[in-house]
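Colleague: I'm new to this one, so could you walk me through it and show me how each label is earned?

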Amino acid sequence: MNEIPTITLANGVAMPALGLGTSPMGDRQAEETVSAALRAGYRLIDTAENYRNETGVGRGLRASGVDRDEVFVTTKLNARWHGEAEAQQAWANSAERLGLGRIDLLLIHWPNPQRDRYVDAWRGLLRLLEDGKVRAVGVSNFKTTHLDRLLEETGAAPHVNQIELDPTHSRPEQRAYHAANGIVTESWSPIGAGGDLLRDPTIVEVARRRSKTPAQIVLRWHVQLGLIPIPKTSRPERLDENKDVFGFELGQGDMDELTVLDRGDEGVVDADRFGH
Ligand SMILES: NC(=O)c1ccc[n+]([C@@H]2O[C@H](COP(=O)([O-])OP(=O)(O)OC[C@H]3O[C@@H](n4cnc5c(N)ncnc54)[C@H](OP(=O)(O)O)[C@@H]3O)[C@@H](O)[C@H]2O)c1
């Protein structure tokens, strides 16, 4: 079984370069899929308080027989925990549901700027890091304006920002900001969330040329850009397909063909308006 390589975060922690998304899955499906994914070689699992499946994720981890220390578990906290003390409670709740004494990566799920408490939540995450309750800390759906405030007010950059990203929304300015500040970009809905992306004629043609599936071409594109994609599948037969993207390379011409599919931020969920 080919191992999934890792990417080193700014604090030296190794994070798998591709993982399994678990939304939308209920506890039972998460348990079965996480267990199957870990047995298939996945080492990064993405969940959230909001997915209501952390209990199933934890059960799947234990059922897999894979050593807990080999697995990298990410979860995320909701807006109600935006505060330094509140974030400690959110951690305790997630840790209990997951059945873990330590969480590998905790993210602020959405900035919810209208509440204006995300900097306080960030201070809470930094305290959890200091206390060894998490191995890395980050955010999700933060625009550069939100990141600016974290940096200005705390001096600490998130290790990771998990954002909506696929070849049609490739977010070049956001990625450049992350790169300049040592933030690793993680891609949600990396293969287009079950929409038309995998039927795009350019992607289908590159897949034909390379004798790969469209999903593999898109996931390889993320990996070659240094992004961490977390494709979700509940179908066991797709687990191998989605992770087997480390044994081939796209040429510069292929990469360029995918790059021109970018349509800017049109259709990207606006984190100044949406959040939970
Ligand atoms: N931070 C955030 O705000 C946020 C927001 C959304 C999502 N996320 C995270 O990101 C993860 C992934 O995003 P997503 O689930 O929205 O979208 P996605 O991973 O891009 O796409 C999932 C869809 O693609 C299908 N699929 C999976 N593998 C396939 C393959 N090889 N060929 C064809 N179709 C395939 C899945 O169906 P089957 O299951 O039937 O295979 C499902 O319908 C989520 O699960 C969640 O963990 C985070």
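Modeller: Here is a short run through the labels and what stands behind them. This is a predicted model, where local features need pLDDT of at least 70, side-chain atom pairs count only at pLDDT 80 or more, and totals for chains, interfaces and linings use all residues. Residues are numbered from 1 along each chain as its sequence is written.

Colleague: What makes Arg171 count as buried?

Modeller: A residue is buried if 20 or more other C-beta atoms, placed from the backbone, lie within 10 Å of its own, exposed if 12 or fewer, and partly exposed in between. Arg171 has 20 C-beta neighbours inside 10 Å, so it counts as buried.

Colleague: And why is Ala193 called partly exposed?

Modeller: Ala193 has 14 C-beta neighbours inside 10 Å, so partly exposed is its class. Ala193 also has a positive phi of about 55° although it is not a glycine, and for Arg171 phi is near 55°, again positive. Most residues other than glycine have a negative phi, and most peptide bonds are trans.

Colleague: Which peptide bond is cis?

Modeller: The one joining Ser23 and Pro24, with omega about -5°. Pro24 sits in the loop between E3 and helix H1 (27-40). Helices (H or I, at least four residues) and strands (E, at least two) are DSSP runs, numbered from the N terminus.

Colleague: How do you know that the buried residues of H5 lie on the same side?

Modeller: In helix H5 (residues 144-154), the buried ones are His146, Leu147 and Leu150. They cover an arc of only 100° around the axis, which puts them on the same side of H5. That arc is taken from the directions from the helix axis to the C-beta atoms. An α-helix has 3.6 residues a turn, so residues three or four places apart point the same way. Thr145, Glu152 and Glu153 are exposed on the other side of H5.

Colleague: What covers the buried residues of H5?

Modeller: Helix H4 (118-130) and helix H6 (172-180) are among the elements doing that. Contact here asks for C-beta atoms, placed from the backbone, within 7 Å of each other.

Colleague: What makes E3 and E10 the edges of the sheet?

Modeller: Eight strands form an open, parallel sheet in the order E3-E4-E5-E6-E7-E8-E9-E10. Strand E3 (20-21) and strand E10 (228-229) each have a single partner strand, so one side of each is left without a neighbour in the sheet. Two strands pair if DSSP finds at least two bridges between them.

Colleague: How many bridges join E6 to E7?

Modeller: Five, and the two run parallel. Strand E5 (residues 72-77) and strand E6 (residues 103-108) also pair in the parallel sense, over four bridges.

Colleague: Why is E7 called largely enclosed?

Modeller: Seven of the seven residues of strand E7 (residues 134-140) are buried, so it is largely enclosed by the rest of the structure.

Colleague: What makes a residue part of the shell around the ligand?

Modeller: Its C-beta atom, placed from the backbone, has to lie within 6 Å of the molecule. Of the 27 residues around the ligand, Gly21, Gly194, Ala215, Lys232 and Thr233 come nearest. Helix H9 (residues 236-243) gives the most to the shell, with three residues.

Colleague: How do the shell residues divide?

Modeller: Into eight nonpolar, 14 polar and five charged. Ala, Val, Leu, Ile, Met, Phe, Trp, Tyr, Cys and Pro count as nonpolar, Asp, Glu, Lys and Arg as charged, and the others, Gly among them, as polar.

Terms used: Two residues are in contact if their C-beta atoms, placed from the backbone, lie within 7 Å.
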